[in-house]
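Let's take a walk through this fold together, going from the overall tally to the sheets and then to the nonpolar core. Keep the viewer open as you read.

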Amino acid sequence: MIRFLGGALLAGTLLFGAIATEYEDQLKSYLTSSSLPIAGKFYLYDFNHDGQYAMNDWLYVVAGASDQEYRLLGKTPTPNDPFGWQKVDVTPPDQEPNGYFVYLPNCSCDVQNMGTNAFSWIYITQGKVYKLMGANPDHSFRYYDRDEDGMPDPLEGISYTISDDKVTFTSQTALPKRLLYNAPKISDNKLQEDLSTWIEYEEIKKEGK
Ligand SMILES: [Ca+2]
Ligand SMILES: [Ca+2]
């Protein structure tokens with residue numbers, strides 16, 4: 001999976017205003033459509049034992065595989081390896097990871113908006129969900145930044161649960177799928193049933209759920 005992160009650097013791709021909102025909506029819709037496996041786990045790891053965590057003191061452990069640990073910025077980054085992944089052989093700390101990486105296969109919103117899915121990754125940590133967008137000039141991860149203030153913004157209204165190394169994303173603002181799928185159609189033979197659903201839908205909307 002690590003190879004997906006080695007794609008070409010994005011040249012000045014920016015998302016503005018309405019486009020950013022549309023992109024975020026597409027992304028949320030994708031994330032909430034199915035569960036996704038955890039691709040890897042991130043640990044802060046003091047490689048040089050100086051008691052400090054530097055930018056390259058991150059260990060990435062490929063989930064579900066042995067002998068697959070990488071150090072972030074362990075070697076000089078290149079255009080094809082913007083994060084300088086170095087294969088290392090260390091034992092991951094015996095603790096919860098600091099965060100998880102999830103790969104988004106077939107995420108058409110990235111291909112549409114950025115022309116590549118090389119950065120179709122999600123980083124989840126402390127209840128928040130961040131979308132990778134590329135690499136910063138200093139080769140740190142560049143995450144989705146809705147208001148372009150230079151600070152990453154988590155996806156609003158998206159939470160997650162992890163079970164058996166799978167992540168399920170939930171949108172707090174979405175209506176239950178059952179209701180969305182049953183939007184009324186006048187031509188439908190089951191009009192009465194649909195009208196009941198519609199009333200339920202309207203009630204939920206009023207209650208602000
Ligand atoms: Ca260190
Ligand atoms: Ca921001």
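The paragraphs below move from the whole chain to its two sheets and then to the core.

A word before we start: what you see is a predicted model. Its secondary structure comes to 4 helices and 11 strands. The chain has 209 residues, and buried ones make up 20% of them. If you like to think in contact maps, look at the contacts with a separation of 6 or more: residues 24 or more positions apart account for 47% of these.

Let's begin with the sheet of 8 strands. It is open, its pairing is antiparallel, and its order reads β5-β4-β3-β2-β6-β7-β8-β9. From one strand to the next, the twist averages 35°. Which strands stand at the edges? They are β5 (86–88) and β9 (141–143). Each has a single partner strand, so one side of each is left without a neighbour in the sheet.

Now step inside this sheet and find β2, which covers residues 40–44. On one hand, β2 pairs with β3 in the antiparallel sense over 5 bridges, and here Lys-41 stands opposite Val-61 in β3. On the other hand, β2 pairs with β6, again antiparallel, over 3 bridges. Within that pairing, Gly-40 has Phe-101 of β6 as its bridge partner. Following the sheet order to β9, you will find 3 bridges joining it to β8, with the two strands running antiparallel. Gly-134 is the residue that stands opposite Arg-142 in β9.

The other sheet to visit has 3 strands. This one is also open, with antiparallel pairing and the order β1-β11-β10. Its edge strands are β1 and β10, each of which pairs on one side only. How many bridges join β1 to β11? There are 2 between β1 (residues 36–37) and β11 (residues 166–171), and the strands run antiparallel. Leu-36 stands opposite Val-167 of β11.

On the β10 side, 6 bridges join β10 (residues 158–163) to β11, which also run antiparallel. Ser-163 has Lys-166 in β11 as its bridge partner. The hairpin of β10 and β11 leaves 2 residues between the strands, and Asp-164 takes a positive phi near 50° in this hairpin. That is a handy spot to look up on your own Ramachandran plot.

With both sheets in view, turn to the largest nonpolar core, which has 30 residues. Val-102, Trp-121, Ile-122, Ile-124 and Val-129 are those with the most contacts inside this core. Which elements give two or more residues to it? They are α1 (17–31), β3 (58–62), β6 (99–103), β7 (121–125), β8 (128–135) and β10. The list thus takes in a helix along with strands, including β10 from the sheet of 3 strands.

Val-102 makes a good place to end the tour. Leaving aside its neighbours within four places in sequence, Val-102 is in contact with Leu-36, Ile-38, Ala-39, Trp-121, Ile-122, Ile-124 and Val-167. Two of these contacts, Leu-36 and Val-167, should look familiar: they are the residues that stand opposite each other where β1 meets β11.

How values were computed: Residues numbered from 1 in each chain as written. Chains lettered and ligands numbered in written order. Predicted model: local features only at pLDDT ≥ 70, side-chain atom pairs only at ≥ 80, totals over all residues. Pairing = 2+ DSSP bridges. Buried ≥ 20, exposed ≤ 12 C-beta atoms within 10 Å, placed from the backbone. Contact = placed C-beta atoms within 7 Å. Core = buried A, V, L, I, M, F, W, Y, C linked by C-beta atoms within 7 Å. Axes fitted to C-alpha atoms, helices over the stretch in contact; angles between N-to-C directions.
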